[in-house]
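Please examine the sequence and the three-dimensional model shown below. The report after it is written for a reader who has not met this structure before.

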Amino acid sequence: MLGWTEDPTREIDHRPWPLPSGGWVMAQRWTDLLFAHWRVDTDLLRSVVPRSLPLDAFVNETWISIAAFYLSGLRSRWLPPLPVISEFPELNVRTYVTLGGKPGVYFFSLDAGSALAVAAARALYFLPYFRANMSIRAGADGTLAYRSGRTDARGHPAGFSARYRPTGPISLAKPGTLDHWLTERYCLYAVDRAGRVRRADIHHRRWPLQPVDAEIDVNTMASAAGLELPNEPPRVSFASRLDVVVWAPVDVDSVGS
């Protein structure tokens, strides 16, 4: 046990490559997570993702995703979670890239309800974090109301509002399926100010996905990233909880892709 989160490294057989050498540096828990996925035009996507990162595609189709969740238990390997700053809502907009045989995610934005977390992630992981006013509220019937409005002047104005509720049992996506391709990713990529590609490994158990009823009322997250969503409903799923550990980012060129 990690004390505040479960130790996901006890289960590693599902990983597409071995755990990195050296220990993880950060742990966190994601709860009440909504996934919403859209197919997007590949040429448009290519125009807003750094050329140093090859796009990944599923059956020749490229996708972007929004993940809305509550983050808690945030801590370094050597310290307990600190009061107040260790939990907050988070909202990610991401797409899918692959480099050196390691498929991962590339983030267009990560909005968070913690100014300290935004500053730390920008400095240590080179990620486009933005401060936002955010809330998650649960109704009597289990419906979650999620709202986010970006307040950070470093990013374009962006907002998201949704109501969602899981409607069925947990299942594990089968390898080779779209849901597996969209969710079972074990690293993230970023490009630093010098143009170098950085990769950070992550690890967690397989995603415990559930069907979900989701109603998205406001969503300007993709347009803030320069992307246009198709006029079709997103592919959605829910996860009640996932414990995650993260390694320090490495320079891909220095370690080999």
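The following paragraphs treat the pocket, the salt bridges, the nonpolar cores and some single residues in turn.

This is a predicted model, in which local features need pLDDT of at least 70 and side-chain atom pairs count only at pLDDT 80 or more, while totals for chains, interfaces and linings use all residues. Residues are numbered from 1 along each chain as its sequence is written, and side-chain values use heavy atoms, with hydrogens and water left out.

**The largest pocket**

Rolling a probe the size of a water molecule over the atoms shows where empty space is left. Here a pocket is an open set of points on a 1 Å grid over the protein atoms alone, where a 1.4 Å probe fits, with protein on both sides within 12 Å along at least five of seven lines; lining residues have an atom within 4 Å of a point. Its volume is the space filled by probe spheres set on the points, which are joined across faces, edges and corners. The largest pocket has a volume of about 890 Å³. It is lined by 42 residues, and those closest to its centre are Met-26, Gln-28, Leu-74, Ala-121 and Tyr-125. Two or more lining residues come from each of β1 (26-40), β2 (62-76), β3 (88-99), β4 (102-112), α2 (115-125) and β11 (235-246). These elements are DSSP runs numbered from the N terminus, with helices (H or I) of at least four residues and strands (E) of at least two. The lining comprises 32 nonpolar, 6 polar and 4 charged residues, where Ala, Val, Leu, Ile, Met, Phe, Trp, Tyr, Cys and Pro count as nonpolar, Asp, Glu, Lys and Arg as charged, and the others, Gly among them, as polar.

**Salt bridges**

Side chains of opposite charge can pair when their charged atoms come close. With a salt bridge taken as a side-chain nitrogen of Lys or Arg within 4 Å of a carboxyl oxygen of Asp or Glu, the model has 14 salt bridges. Three of the pairs are listed here.

| Pair | Closest N to O distance |
|---|---|
| Glu-11 and Arg-205 | 3.0 Å |
| Arg-185 and Asp-56 | 3.0 Å |
| Asp-217 and Arg-163 | 3.4 Å |

Glu-11 lies in the segment before β1 and Arg-205 in the loop between β9 (197-203) and β10 (212-219), so this salt bridge ties together parts that are 194 residues apart in sequence. Relative accessible area is used below to class residues as buried (under 20%), exposed (over 50%) or partly exposed (in between), with a 1.4 Å probe and protein chains only. Glu-11 is partly exposed at 40%, and Arg-205 is partly exposed at 23%.

Arg-185 and Asp-56 are both buried. Because Arg-185 belongs to the loop between α3 (178-183) and β8 (187-191) and Asp-56 to the loop between α1 (42-48) and β2, their pairing joins parts 129 residues apart in sequence.

Asp-217 in strand β10 and Arg-163 in strand β7 (residues 159-166) are 54 residues apart, and their pair links distant parts of the chain. Asp-217 has a relative accessible area of 42% and is partly exposed; Arg-163, at 37%, is also partly exposed. In addition, Arg-29, Arg-241 and Asp-243 are linked in a network of salt bridges.

**Nonpolar cores**

In soluble globular proteins, nonpolar side chains tend to be buried together. A nonpolar core is defined as a set of buried Ala, Val, Leu, Ile, Met, Phe, Trp, Tyr and Cys residues joined through side-chain atoms within 4.5 Å. The largest such core has 36 residues, and Leu-53, Leu-91, Phe-108, Phe-160, Tyr-164 and Tyr-189 have the most contacts inside it. Contact means heavy atoms within 4.5 Å. Beyond residues up to four places away in sequence, Tyr-189 touches residues including Leu-53, Val-97, Leu-99 and Val-252. A second, separate core has 35 residues, among them Trp-30, Phe-88, Val-105 and Ala-200.

**Single residues**

Val-246 lies in strand β11 and is buried, with a relative accessibility of 6%. Apart from neighbours within four places in sequence, its contacts include Met-26, Gln-28 and Tyr-125.

Most residues other than glycine have a negative phi. Asp-32, not a glycine, has a positive phi of about 50°; Asp-32 is in strand β1 and is partly exposed at 27%. Phe-126 likewise has a positive phi, of about 60°. Phe-126 is placed in the loop between α2 and β5 (129-138) and is partly exposed, with a relative accessible area of 24%.
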